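Q: Could you walk me through this one? I'd like to go from the overall fold down to individual side chains.

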Amino acid sequence: MTSMLEKPKTGYFDHEKWDVYQVSLELVILISDVVEQLPRGKGHLADQLQRAGTSVPLNIAEGAGEDSVNEKARFYRMAKRSATECASIIDVCQRLKLIDEQRYVEGRKLLLRIVAMLTKMGRAETTYVQPS
């Protein structure tokens, strides 16, 4: 039994240990910075970017919590689609000169890394699917 003065030991969820999840959280932070810099009148881009960006770690976590291999792969594919949506929105912002070059490059690097990891995860999960 632990005393009241000791910090309780907390465990980790599986997804918290994964690089893809940690990188997706970095993406959410970058998106927050980008959205803060968007001018008035661009709320539609801000909302879409925030929704798509937040969807990436949420779907990764939800997939990690699934028991079904098919469902795991489905959530990882959804996370990947959200990441590619973010890439497109960032491209739009760059073309409209709404995002500085440093954030643009950093965002693309994070997104390319996330998509590559999710592609491998989706393939790995479906490899183990046994026919019914």
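What follows is a conversation about the fold, the helix packing, the core and the salt bridges.

Q: What is the secondary structure here, in helices and strands?
A: This is a predicted model, and its secondary structure comes to 4 helices and 0 strands, which read along the sequence as the pattern α-α-α-α.

Q: How much of the protein is buried?
A: Of the 132 residues in the protein, 37% are buried.

Q: And what share of the contacts comes from residues 24 or more positions apart?
A: Taking the contacts with a separation of 6 or more, residues 24 or more positions apart account for 71%.

Q: OK, on to packing. At what angle do α1 and α2 pack?
A: The angle between α1 and α2 is about 165°, and their axes lie 9 Å apart. Because an angle over 145 degrees counts as roughly antiparallel, α1 is roughly antiparallel to α2. The crossing of these two helices is left-handed.

Q: Which residues meet there?
A: On the α1 side the contacting residues include V20, Y21, S24, L25 and V28, as well as I31, V34 and V35. On the α2 side they include A46, L49, Q50, G53 and T54, together with V56, P57, I60 and A61.

Q: Which residues have the most contacts inside the largest nonpolar core?
A: That core has 33 residues, and those with the most contacts inside it are V20, L49, I60, C93, I114 and L118. The elements giving two or more residues to this core are α1, α2 (43-64), α3 and α4. V20 and I60 also appear in the α1 and α2 contact just described.

Q: What does L118 touch, leaving aside its neighbours within four places in sequence?
A: With those neighbours set aside, L118 is in contact with V20, I60, Y76, A79 and K80. Of these partners, V20 and I60 are again among the residues with the most contacts inside the core.

Q: Switching to charges: how many salt bridges does a search of the whole structure find?
A: The search finds 4 salt bridges. One of them joins D19 and R113, whose closest N and O atoms are 2.9 Å apart. This pair links distant parts of the chain, since D19 is in helix α1 (residues 19-37) and R113 is in helix α4 (residues 101-127), 94 residues apart.

Q: Are D19 and R113 buried or exposed?
A: Neither label fits, because D19 counts as partly exposed at 39% relative accessibility, and R113 is likewise partly exposed with a relative accessible area of 39%.

Q: Where do E71 and R74 lie?
A: Both lie in helix α3 (residues 69-95), 3 residues apart, which is about one turn of the helix. Their side chains meet in a salt bridge, at 2.9 Å from N to O. E71 is partly exposed at 25% relative accessibility, and R74 is partly exposed with a relative accessible area of 32%.

Q: And what do R103 and D100 do?
A: Their side chains meet in a salt bridge as well, at 3.1 Å from N to O. R103 is partly exposed with a relative accessible area of 23%, while D100 is partly exposed with 36%.

Q: Last topic, the backbone. What is phi of K97?
A: Phi of K97 is near 60°, a positive value in a residue other than glycine. Most residues other than glycine have a negative phi.

Q: Where is K97, and is it buried or exposed?
A: K97 is in the loop between α3 and α4, and it is exposed, with a relative accessible area of 72%.

How values were computed. Residues numbered from 1 in each chain as written. Predicted model: local features only at pLDDT ≥ 70, side-chain atom pairs only at ≥ 80, totals over all residues. Heavy atoms only, no water. Buried < 20%, exposed > 50% of the residue type's maximum accessible area, 1.4 Å probe, protein only. Core = buried A, V, L, I, M, F, W, Y, C linked by side-chain atoms within 4.5 Å. Contact = heavy atoms within 4.5 Å. Axes fitted to C-alpha atoms, helices over the stretch in contact; angles between N-to-C directions. Parallel < 35°, antiparallel > 145°, perpendicular 65-115°, else oblique. Left-handed = near helix turned anticlockwise from the far one by under 90°.
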